[in-house]
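Reader: Before we discuss any details, could you put the sequence and the structure in front of us, so that each answer can be followed on the model itself?

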Amino acid sequence: MRYVSTRGGQSVSLSEAICRGSAPGGALFIPQTLPRISSDDVQPGLSLAELAAQLLGPFFEGDALEADLPALCANAFDFPVPLTIPDPARPGLRALELFHGPTGAFKDFGTRFLMGALDCLADEDDPFTVLVATSGDTGGAAAQAAEGRKGVQLAVLYPKGRVSPFQEHQLTCWNTPVRAFRVSGDFDACQALVKNAFADEELTRRYRLTSANSINIVRLLPQMVYLADAALKVWRSSGTLPGLIIPSGNLGHGLAALYARSIGLPIGPVVIATNANATLHEWNQTGVYRPRPSVATLANAMDIGTPSNFERLDHLASDQRAISVERVDDDAIRTRIIADFERTRYIWCPHSAIAAEAWHRLPEAAREQRVWIAAATAHPYKFADVVEPLIGQSIDPSAPLKAVLDRPSQMDELAADMNALSRALAGTFRSSRVSAGYA
């Protein structure tokens, strides 16, 4: 398997794509071809880690990391992913609870897989410097996954005033080799800093820069696995292709769903559920892709006006990229959290509530035709400041989230410009021994 840039050029190995993070000129790496895997080839009863090794195997074929794949999967996919029925009166809606990992968010899978891969590829005396722009969950997951590693050093860039209090604590409480930077700007400003850093060839060489965002192909690919696992379970029990409803801001999670469907797994319609940020919804309605400044919402991890992975989406064949996009504003998020809690006592986080609301907006015939799987992307405790006043009671943290509260936090302030980022990297991280390219 080889990987190519969304803007053309020579193909590279998976390891090189991982190490570089993004392709030259700000482009993204994509598989040169998508493999085909028949659902009948997937043995029932596999653990999530075993399924991951089978599904990801073709993407690693012939790469330096191929032999490490089983261990990477075992380490990244080692916590439960319940597929629950939030409302027994409405069994056609299932919640895929992706928040039982160490930082309470679906990003735990991809970031731990990525950090493990980088550790395998790195020389501990010459680590990679990983840049991550975060609107909340990605940074915390990347930091937890990076803490204590020898092969990486991690810079977390997050927008000042645009994450929840718990998210900010979770972004800033990790030890070496993690450093958190609070950026004077929104998520798109953080993401622009990361992209501009990769476009600076000298800076990239000096620090062996790579990314932990879904612009890094191996952050994205593992997200296919739990979606495939849930779809296979529903397909085997019901005989019909389930629909997926994926809350998505930067479109990485949505693209993982489309990749899983495209390689042959039993997935029916895919609905991308967004918050009030209108870029994807407008494109879906009009065919016009028009990035714009992000809008602050209750579902802040999705506050993205320029979704990076649209460039990958645009490279899929028209039948592969067939999606619908549902846009859900803050009032609808509040109403859905309250209504479902009062009815069933089930608690959605604001992002997961967007997926639940998108299901309720489907035509009745579409809801009854198949089982729909809504990705419940984050633990509601992470957004207790939003959710608790709506439901009128406190939310208990999971054990890993409770443990985070006892950690001290520390961050550095950062202006949203490249000179400030360059100075911050110089004052914080070791430069590379490699004068050009990657070791």
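**Salt bridges, sheet and helix packing**

Author: In this predicted model, Arg-20 counts as partly exposed because its relative accessibility is 29%.

Reader: With which residue does Arg-20 form a salt bridge, and how far apart are the closest N and O atoms?

Author: Arg-20 and its partner both lie in helix 1 (residues 14-20), 4 residues apart, which is about one turn of the helix. The partner is partly exposed, with a relative accessible area of 31%. The salt bridge of Arg-20 is formed with Glu-16, and the closest N and O atoms are 2.9 Å apart.

Reader: Which residue meets the side chain of Arg-149 in a salt bridge?

Author: The side chain of Arg-149 meets its partner at 3.0 Å, N to O. This pair links distant parts of the chain, with Arg-149 in the loop between helix 5 (137-146) and strand 6 (152-159) and the partner in helix 4 (residues 107-121), 30 residues apart. Arg-149 counts as partly exposed at 25% relative accessibility, and the partner that counts as partly exposed at 27% is Asp-119.

Reader: Is Arg-292, which forms a salt bridge with Glu-282, buried or exposed?

Author: The closest N and O atoms of Arg-292 and Glu-282 are 2.7 Å apart. Arg-292 sits in the loop between helix 12 and helix 13 (310-313), whereas Glu-282 belongs to helix 12, 10 residues away, and the pair links distant parts of the chain. Glu-282 has a relative accessible area of 19% and is buried. Because buried means under 20% relative accessible area, Arg-292, at 19% relative accessibility, likewise counts as buried.

Reader: How many salt bridges does a search of the whole structure find, and which residues are linked in a network?

Author: Side chains of opposite charge can pair when their charged atoms come close. The search of the whole structure finds 22 salt bridges. The residues linked in a network of salt bridges are Glu-326, Arg-336, Asp-340, Glu-357 and Arg-361.

Reader: At what angle do the axes of helix 14 and helix 15 cross?

Author: Helix 14 (residues 330-344) and helix 15 (residues 350-361) have axes that come within 9 Å of each other. Where they meet, helix 14 contributes residues including Ile-333, Arg-336 and Asp-340, and helix 15 contributes residues including Ile-354, Glu-357 and Arg-361. The residues of this contact divide into 7 nonpolar, 1 polar and 4 charged. The two helices are therefore roughly perpendicular to each other, their axes crossing at roughly 85°.

Reader: Which strands stand at the edges of the sheet, and why is one side of each left without a neighbour?

Author: The open sheet is formed by 6 strands in the order 3-4-12-9-10-11, with mixed pairing. Each edge strand has a single partner strand, so one side of each is left without a neighbour in the sheet, and these edge strands are strand 3 (83-84) and strand 11 (324-327).

Reader: How does strand 3 run relative to strand 4, and which residue is the bridge partner of Thr-84?

Author: Strand 3 is joined to strand 4 (residues 93-97) by 2 bridges, and the two strands run antiparallel. In strand 4, the bridge partner of Thr-84 is Ala-95.

Reader: Which helix packs on the sheet and touches strand 3 and strand 4?

Author: The helix in question also touches strand 9 (243-247) and strand 12 (372-376). Its direction makes about 145° with that of strand 4, and the helix is helix 10 (residues 223-238).

Conventions
Residues are numbered from 1 along each chain as its sequence is written. This is a predicted model: local features need pLDDT of at least 70, side-chain atom pairs count only at pLDDT 80 or more; totals for chains, interfaces and linings use all residues. Side-chain values use heavy atoms; hydrogens and water are left out. Two strands pair if DSSP finds at least two bridges between them. Contact means heavy atoms within 4.5 Å. Axes are lines fitted to C-alpha atoms, for helices over the stretch in contact, and angles run from 0 to 180 degrees between N-to-C directions. Angles under 35 degrees count as roughly parallel, over 145 as roughly antiparallel, 65 to 115 as roughly perpendicular and the rest as oblique. Ala, Val, Leu, Ile, Met, Phe, Trp, Tyr, Cys and Pro count as nonpolar, Asp, Glu, Lys and Arg as charged, and the others, Gly among them, as polar. A salt bridge is a side-chain nitrogen of Lys or Arg within 4 Å of a carboxyl oxygen of Asp or Glu. Buried means under 20% relative accessible area, exposed over 50%, partly exposed in between (1.4 Å probe, protein chains only).
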